[in-house]
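Visitor: I have a protein model open in front of me, and I would like to learn how to read it feature by feature. Could you take me through it slowly?

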Amino acid sequence: VRLHAAAAAPLLLEGRLLFAEQFELQPAQEANRSAFAARSALVAARAAAAAKTFARSEELGSVEVHEGERLSISSSHALSGARAHFRAAFNWSAATFEQLTLNGRPMLTAAWRPSFWRAPVDNDLGWGAPRALKMWRLSSMAEYQPKNAMRLLRRTAHGACVHTSWRLSAHERHLAEEELDGGKTPMPPAANASSSRTSAQAASRFCGKAREGKGGAVACVSCFQAVLPTGVRFECRYLPGASVRAGRQGAMPRFGMTARLPARFDQLKWFGKGPHETYVDRQAAARTAVHEGLASEQLHPYMRPQESGNKVGVRWLSLADPSNGDALLVVNSHEAPSHLSASALRFSTADLDLEYDGSGASTVGKHHLTRRHERQKHAADLVPRDFVELHVDQFQMGVGGVNSWGARPDELQWHATSRTFSFSVFPAGLATLDNKALSRRAALAAADAEKRAARLGCRFPRPLVEYSVPYTSQRNSTNATRSRRAWRRRHDP
């Protein structure tokens, strides 16, 4: 809804925008409650979804799996009309999805990994976030994410399911070694490709559960990755350990997955809040639409480098190479209770973060809030990297602003309980599609990926939902009575 001035008036030009507001006709959390819908409505919705099949199986092609030093899964699709071939490669030793190629051209320079940390904003310094939440900074580092397990669960002609999990070793150690010697204590060696499948399965059972004889619990991140003819669907879950459940680690700054793409993927387009950066508590002035720009221009030049360029309410996002039309399309899951939060910058999180000394304390010359001597950074000193760092998050905590000397965004923080989110990535050539066609293609591709992943069993079990249905008792044929019987089934929209 937009209201413009119909005529000129003092201090007011004709046509000046006076009021603008958008209304979401079907909020995400309401649209996904199909488990509680009437049976007839549920059947009708499933029939309509089945009628909108994204593509026929013969058009998509088959999936080929090659096991060796690396797990390689290749396939092809026709998302953009022309046949496109892509390959997904997984590293057995690190349990990471490390490479994605489209028609032989690499699309990743760093593997997909869990991410929990953001560069502190000025308001975060006032309440000591770098020290209070340093567990999450360490947990986002690769050296503190040793492999827990990796398994190829299922392979068919039309998809393969890979399950990976990582232990968050910073949670297990409670920072004791890191605080004593500045993080120089060597990490336990990660499992290698020669480790037996039996030991991997035994290790995965302890993920997020009490370990026998240890008296604690292992915090970890577990992901199902369904490699399909059109792309890859992620479904990831954070499982907290005992110390996190006891509240020792504080709020989680963010939860999501991050990867790096070559710098040629600089053309950014997203359907969500924009066109400027938005956060959970900084989005009132943003408009939901299809926005576009360059990844190299998304960093706001704050005087001190800090978290910047985030987008909330993201339905889909694409990073494209304008020279050849290659693109990586990221789409939110239809089952998700909320939209994604995402960012794409030509800088790493470490570039925007503070400098830290051996004890993990931030080192800004005597900051007016922290009273510690720190190495000053300035936005003008940053040099764009040769990659684009992509963050796909379920949530990032707010930036606050009640005051900058101690107030925490408590109502905007996300406490570290078990969380699950999902999204899909599609490598394709999307240069010929306009915004409307791209939005439709993203929605249909994501719905098709969710359906195929469900057939593969490549996702976490859905929670049991209780409901009741009427039935007629036949114990007395002359006087039949109607009652209600309780049933339980998996929430499977």
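Guide: Gladly, and please keep in mind from the start that this is a predicted model. A good way into a sheet is to take one pair of neighbouring strands and then widen the view. Here, strand β15, which covers residues 267-274, pairs with β16 in the antiparallel sense over eight bridges. Within that pairing, Phe-271 has Val-290 of β16 as its bridge partner.

Visitor: How many strands does the sheet have, and in what order do they stand?

Guide: Nine strands form an open sheet, and their order is β9-β10-β11-β12-β23-β19-β18-β15-β16, with antiparallel pairing. The edges are taken by β9 (147-156) and β16 (287-294), and because each has a single partner strand, one side of each is left without a neighbour in the sheet. From one strand to the next, the twist averages 15 degrees.

Visitor: Which helix packs on this sheet, and which strands does it touch?

Guide: It is helix α12, residues 435-456, which touches β9, β10, β11, β12, β15, β16, β18, β19 and β23, and whose direction makes about 65 degrees with that of β19. The helix has 22 residues and reaches 31 Å from its first C-alpha to its last, close to the 32 Å expected at 1.5 Å a residue. Among the buried residues of α12 are Leu-438, Ala-442, Ala-445 and Leu-456, and the list also includes Asp-448, Glu-450 and Arg-452. Just after the helix comes Gly-457, with a positive phi near 75 degrees.

Visitor: What should I look at in strand β23?

Guide: For a strand, one can ask how covered it is and which strands it pairs with. Strand β23 is mostly covered, since eight of its 11 residues are buried. It pairs with β12 in the antiparallel sense over seven bridges, and in that pairing the bridge partner of Tyr-238 is Arg-419 of β23. Seven bridges also join β19 to β23, which run antiparallel, and there Leu-328 has Pro-427 of β23 as its bridge partner.

Visitor: How many disulfides does a search of the whole structure find?

Guide: The search finds two, and for each one it is useful to ask which cysteines are joined, how the bond is turned and whether the residues are covered. One disulfide joins Cys-161 to Cys-458, with an S to S distance of 2.2 Å; it is right-handed, with 80 degrees about the S-S bond, and both Cys-161 and Cys-458 are buried. The other is formed by Cys-223 and Cys-236, whose sulfur atoms are 2.2 Å apart. The torsion about the S-S bond of Cys-223 and Cys-236 is about 115 degrees, so this disulfide is right-handed. Because Cys-223 lies in strand β11 and Cys-236 in strand β12, the pair ties together parts that are 13 residues apart in sequence. Cys-223 and Cys-236 are both buried.

Visitor: Which residues have the most contacts inside the largest nonpolar core?

Guide: The general idea is that in soluble globular proteins, nonpolar side chains tend to be buried together. In this model, the largest nonpolar core has 63 residues, and those with the most contacts inside it are Trp-112, Tyr-238, Leu-390 and Phe-423. Apart from that core lies another, of 22 residues, which includes Cys-161, Ala-320, Ala-428 and Leu-456.

Visitor: Where does the backbone do something that deserves a second look?

Guide: As a rule, most residues other than glycine have a negative phi, and most peptide bonds are trans. Against that background, the peptide bond from Gly-274 to Pro-275 is cis, with omega near 5 degrees, and Pro-275 is found in the loop between β15 and β16. Leu-11, which is not a glycine, has a positive phi near 65 degrees and lies in the loop between β1 and β2. Asn-103 also has a positive phi, of about 55 degrees, although it is not a glycine, and its place is in the loop between β6 and β7.

Visitor: Is Leu-11 buried or exposed, and what is the case for Asn-103?

Guide: With a relative accessibility of 92%, Leu-11 counts as exposed, whereas Asn-103, with a relative accessible area of 36%, is partly exposed.

Conventions: Residues numbered from 1 in each chain as written. Predicted model: local features only at pLDDT ≥ 70, side-chain atom pairs only at ≥ 80, totals over all residues. Heavy atoms only, no water. Pairing = 2+ DSSP bridges. Helix = DSSP H or I, 4+ residues; strand = E, 2+ residues; numbered from the N terminus. Axes fitted to C-alpha atoms, helices over the stretch in contact; angles between N-to-C directions. Contact = heavy atoms within 4.5 Å. Disulfide = S-S within 2.5 Å. Buried < 20%, exposed > 50% of the residue type's maximum accessible area, 1.4 Å probe, protein only. Core = buried A, V, L, I, M, F, W, Y, C linked by side-chain atoms within 4.5 Å. Expected span 1.5 Å × (residues − 1).
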